[in-house]
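Subject: Structure for you to look at

Hi,

Here is the structure I promised to pass on. Have a look at it first, and then read my notes underneath.

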Amino acid sequence: MPFIQETTNPFSSENPDAGRWYLAYTKPRQEQIAHVNLEQQAFESYLPLYKKFKKTEQGPVALFEPMFPRYILFRPGKPEQSISAVRSTKGVATIVRFGFEPALLHDDLVQRIRQLEQDRNHATLQELSNIKAGQTVRLKHTALKGIEGLVQNVSSKRVAVLLEILGRPTLVQLEHHQVELTHA
């Protein structure tokens, strides 16, 4: 069973695909504008967001960005609603099509995307970190910048790194933004 398919008559008032979603291609960085305007026109719209952490001098900060940049999912709020108004919705560039027919996404695919989004958005920095015990990292933003060490432990707030300082192994607790993986 494919997740995206062509439809036969999406503009009819008796749409057999009412449980499915359409896909709109937005103008650059206007996904949120399209989302708000679709909702104001009584469409059900869904903009999947992706949690990531941005490194700052004060430490990592959680940000939410579109999971699929420039795409938003939508469906009519009522069976008789036509999707033709979406083409002129502020923030929307066009409706994604296969030839002349709008693409449809199955509701079970949208539910999987929602679950993935929910799981990721509840994850901690530790769970999303690409730094793991046993890896070699390089220090940055400290007096010891450039020194390499071995990761011993990773928590949601700190990375424990084993460094050789003055010929002796020393365990140092650092914040995530103070280390980077070495690419050996």
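Below is what I found, going from the strands to the charged pairs and then to a patch on the surface.

One thing to keep in mind from the start: this is a predicted model.

Let's begin with the strands. As a reminder, strands of a sheet pair through backbone hydrogen bonds, either parallel or antiparallel. A good place to start looking is β4 and β5, covering residues 49–56 and 59–66, which pair in the antiparallel sense over 8 bridges. Together β4 and β5 make a hairpin, with 2 residues between them. If you want a spot to zoom in on, take lysine 55, whose bridge partner in β5 is proline 60.

Further along the chain there's an open sheet of 5 strands with antiparallel pairing, and its order is β13-β12-β11-β10-β14. Which strands stand at the edges? They are β13 (168–175) and β14 (179–181); each has a single partner strand, so one side of each is left without a neighbour in the sheet. From one strand to the next, the twist averages 45°. Inside this sheet, β11 (residues 148–154) and β12 (residues 158–165) run antiparallel and are joined by 4 bridges. Here you can pick out valine 154, which has valine 159 as its bridge partner in β12.

Now for the charges. Side chains of opposite charge can pair when their charged atoms come close. How many salt bridges does the model have? The count comes to 6, and I'll go through some of them here.

Arginine 75 is the residue I'd look up first. It forms a salt bridge with glutamate 44, and the closest N and O atoms are 3.0 Å apart. That pair links distant parts of the chain, since arginine 75 sits in strand β6 (residues 71–76) and glutamate 44 in strand β3 (residues 43–46), 31 residues apart. Arginine 75 also has a salt bridge with aspartate 107, where the closest N and O atoms are 3.5 Å apart. Aspartate 107 belongs to helix α2 (residues 107–121) and arginine 75 to β6, so this pair ties together parts that are 32 residues apart in sequence. Put together, Glu44, Arg75 and Asp107 are linked in a network of salt bridges.

Are these residues buried or partly exposed? Arginine 75 has a relative accessible area of 15%, which is under the 20% cut-off, so it counts as buried. Glutamate 44, on the other hand, is partly exposed at 32%, and aspartate 107 is partly exposed too, at 28% relative accessibility.

Another salt bridge takes you back to the open sheet: glutamate 180 pairs with arginine 138, with the closest N and O atoms 3.5 Å apart. Glutamate 180 is in strand β14 and arginine 138 in strand β10 (residues 136–139), so the two lie 42 residues apart along the chain and link distant parts of it. Both are partly exposed: glutamate 180 has a relative accessible area of 29%, and arginine 138 has one of 28%.

Last, the surface. Leu150, Leu162 and Leu171 make a nonpolar patch of about 240 Å² there. Of these, leucine 150 is in strand β11, and at 36% relative accessibility it counts as partly exposed.

Write back if anything is unclear.

Cheers

Key. Residues numbered from 1 in each chain as written. Predicted model: local features only at pLDDT ≥ 70, side-chain atom pairs only at ≥ 80, totals over all residues. Heavy atoms only, no water. Pairing = 2+ DSSP bridges. Axes fitted to C-alpha atoms, helices over the stretch in contact; angles between N-to-C directions. Salt bridge = Lys/Arg side-chain N within 4 Å of Asp/Glu carboxyl O. Buried < 20%, exposed > 50% of the residue type's maximum accessible area, 1.4 Å probe, protein only. Patch = residues over 30% accessible without salt bridge, like charges linked within 9 Å, V, L, I, M, F, W, Y side chains within 5 Å. Areas by Shrake-Rupley, 256 points an atom, 1.4 Å probe, with all protein chains shown as cover.
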